[in-house]
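User: Please take me through this model and justify the terms you use as you go. I would like each label set against its cut-off.

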Number of protein chains: 2
Amino acid sequence: MSENEQSSGNEARGRRGGEFRGVEARPRNWLVPVILLSLREWNSYGYELMERATTFGFEAMNPGTLYRTLRQMEKEGIVESTWETSRGGPARRMYTITDAGMTYLDFWAKSLEQYQRTMETFFRMYTGRPPGKGDDETGE
Amino acid sequence: MSENEQSSGNEARGRRGGEFRGVEARPRNWLVPVILLSLREWNSYGYELMERATTFGFEAMNPGTLYRTLRQMEKEGIVESTWETSRGGPARRMYTITDAGMTYLDFWAKSLEQYQRTMETFFRMYTGRPPGKGDDETGE
DNA sequence: GTATATATGTGTAGACTGCACATACTATGG
DNA sequence: CCATAGTATGTGCAGTCTACACATATATAC
């Protein structure tokens with residue numbers, strides 16, 4: 001009931017910042033852990049993973065980016081793939097998460113936790129601005 | 001001669017994940033809002049900002065990266081600078097946040113909030129793994 | 001004047017990713 | 001058979017971010 005409230009928060013990444021260049025908080029390498037998390041639930045392939053990625057704010061995931069990332073991930077050993085041709089339609093490259101991939105996910109989660117604390121610091125500074133303290137000083 | 005001895009704090013960011021390549025959750029462009037936030041409190045210059053940046057996880061901020069970012073920010077109009085030579089030591093380029101910079105910060109904060117929600121989704125998926133549900137299925 | 005601390009910069013290369021484009025297989029309709 | 005559309009995977013290129021190494025200049029202490 002209370003879970004899926006991110007209905008259509010998609011525009012967030014589009015053009016809300018107007019004229020600014022990088023006014024958007026997204027982590028680098030976000031795509032890798034998202035893919036791993038999906039694969040941990042069940043094995044899958046690029047085309048399907050693309051759809052699932054939207055859950056994490058990748059509104060219109062670019063195919064090229066995703067496939068390239070998957071190949072890279074395989075080269076690093078955090079996923080493995082085999083061709084699946086035993087059905088109608090074009091062949092699918094089915095991906096599986098490896099043990100190394102699990103480890104990667106754990107590292108990522110730990111790092112994300114720490115980063116969350118950093119963000120709290122940011123918000124404390126951002127909102128909790130004490131009046132009469134930040135005007136014209138030089139910092140010494 | 002004196003190299004800039006930033007030797008020992010580096011491992012923190014470099015090798016935390018062991019053999020993995022990008023196992024670290026940090027948003028791209030993190031440095032820009034951090035600088036803006038610092039400048040909102042009081043005007044400052046590169047060398048000083050470097051130290052303050054450590055608060056936000058830049059353990060051993062690289063001078064080059066910081067100075068280049070500051071120049072870029074000025075080109076974009078979110079900060080302004082003037083030389084300060086009225087004291088001992090090398091001249092300092094003093095930076096001030098502009099109105100556009102304030103706006104940038106607001107956009108960033110909003111974006112960060114949404115990103116926090118995305119991270120919660122991630123953790124729900126990561127930790128809330130129901131037993132006996134994620135082993136060998138193919139997704140169809 | 002040499003070393004050190006302060007202060008600001010450039011050059012280069014690698015990584016991430018958005019956009020455009022290319023390829024291939026299968027099913028359906030004519 | 002051929003054309004077309006949907007599924008599925010992939011490459012090329014360019015822009016951006018940033019880590020690392022290196023270069024420069026000023027002032028103070030010795």
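**Burial, DNA surface and helix packing**

User: Why is B:P33 called buried?

Analyst: B:P33 has a relative accessible area of 0%, and buried means under 20%, with over 50% called exposed and the range in between partly exposed (1.4 Å probe, protein chains only), so B:P33 counts as buried. B:P33 belongs to helix α2 (residues 31-41) of chain B, where helices (H or I, at least four residues) and strands (E, at least two) are DSSP runs numbered from the N terminus. B:P33 and B:W108 are 75 residues apart in sequence, yet their C-alpha atoms are 7.1 Å apart in space. As to the basis, this is a predicted model in which local features need pLDDT of at least 70 and side-chain atom pairs count only at pLDDT 80 or more, while totals for chains, interfaces and linings use all residues. Residues are numbered from 1 along each chain as its sequence is written, chains are lettered from A and ligands numbered from 1 in the order in which they are written, and side-chain values use heavy atoms, leaving out hydrogens and water.

User: What makes a residue count as near DNA strand D, and which ones come nearest?

Analyst: A residue is near a strand if one of its heavy atoms lies within 4 Å of it; 25 residues surround DNA strand D, and A:R21, A:R71, A:P90, A:R92 and A:R93 come nearest. Of the atoms of DNA strand D within 4 Å of the protein, 61% are sugar and phosphate. Helix α3(A) gives the largest share of this surface, four residues.

User: How do you know which residues of the surface near DNA strand D are charged, and how many are there?

Analyst: Asp, Glu, Lys and Arg count as charged, Ala, Val, Leu, Ile, Met, Phe, Trp, Tyr, Cys and Pro as nonpolar, and the others, Gly among them, as polar. By that scheme the surface near DNA strand D holds 11 charged, seven polar and seven nonpolar residues, whereas the surface near DNA strand C has nine charged, eight polar and seven nonpolar.

User: What makes the pair A:R92 and A:Y45 a polar contact?

Analyst: A polar contact is a pair of N or O atoms within 3.5 Å; within protein, one must be able to donate a hydrogen and the other to accept it, and residues adjacent in sequence count only if both atoms are side-chain atoms. The side chains of A:R92 and A:Y45 make such a contact at 3.0 Å. An N or O atom in the side chain of A:R92 is also 2.5 Å from a phosphate oxygen of DNA strand D. A:R92 lies in strand β3 of chain A and is buried, with a relative accessible area of 14%.

User: To which DNA strands do polar side-chain atoms of A:R68 come close, and at what distances?

Analyst: A polar side-chain atom of A:R68 lies 2.8 Å from a base oxygen of DNA strand D, and one lies 3.1 Å from a base oxygen of DNA strand C.

User: Why is α1(A) called roughly perpendicular to α2(A)?

Analyst: Helix α1 (residues 31-41) of chain A and α2(A) pack at about 110°, with axes 10 Å apart. Angles of 65 to 115 degrees count as roughly perpendicular, under 35 as roughly parallel, over 145 as roughly antiparallel and the rest as oblique, so α1(A) is roughly perpendicular to α2(A). The axes are lines fitted to C-alpha atoms, for helices over the stretch in contact, and the angles run from 0 to 180 degrees between N-to-C directions.
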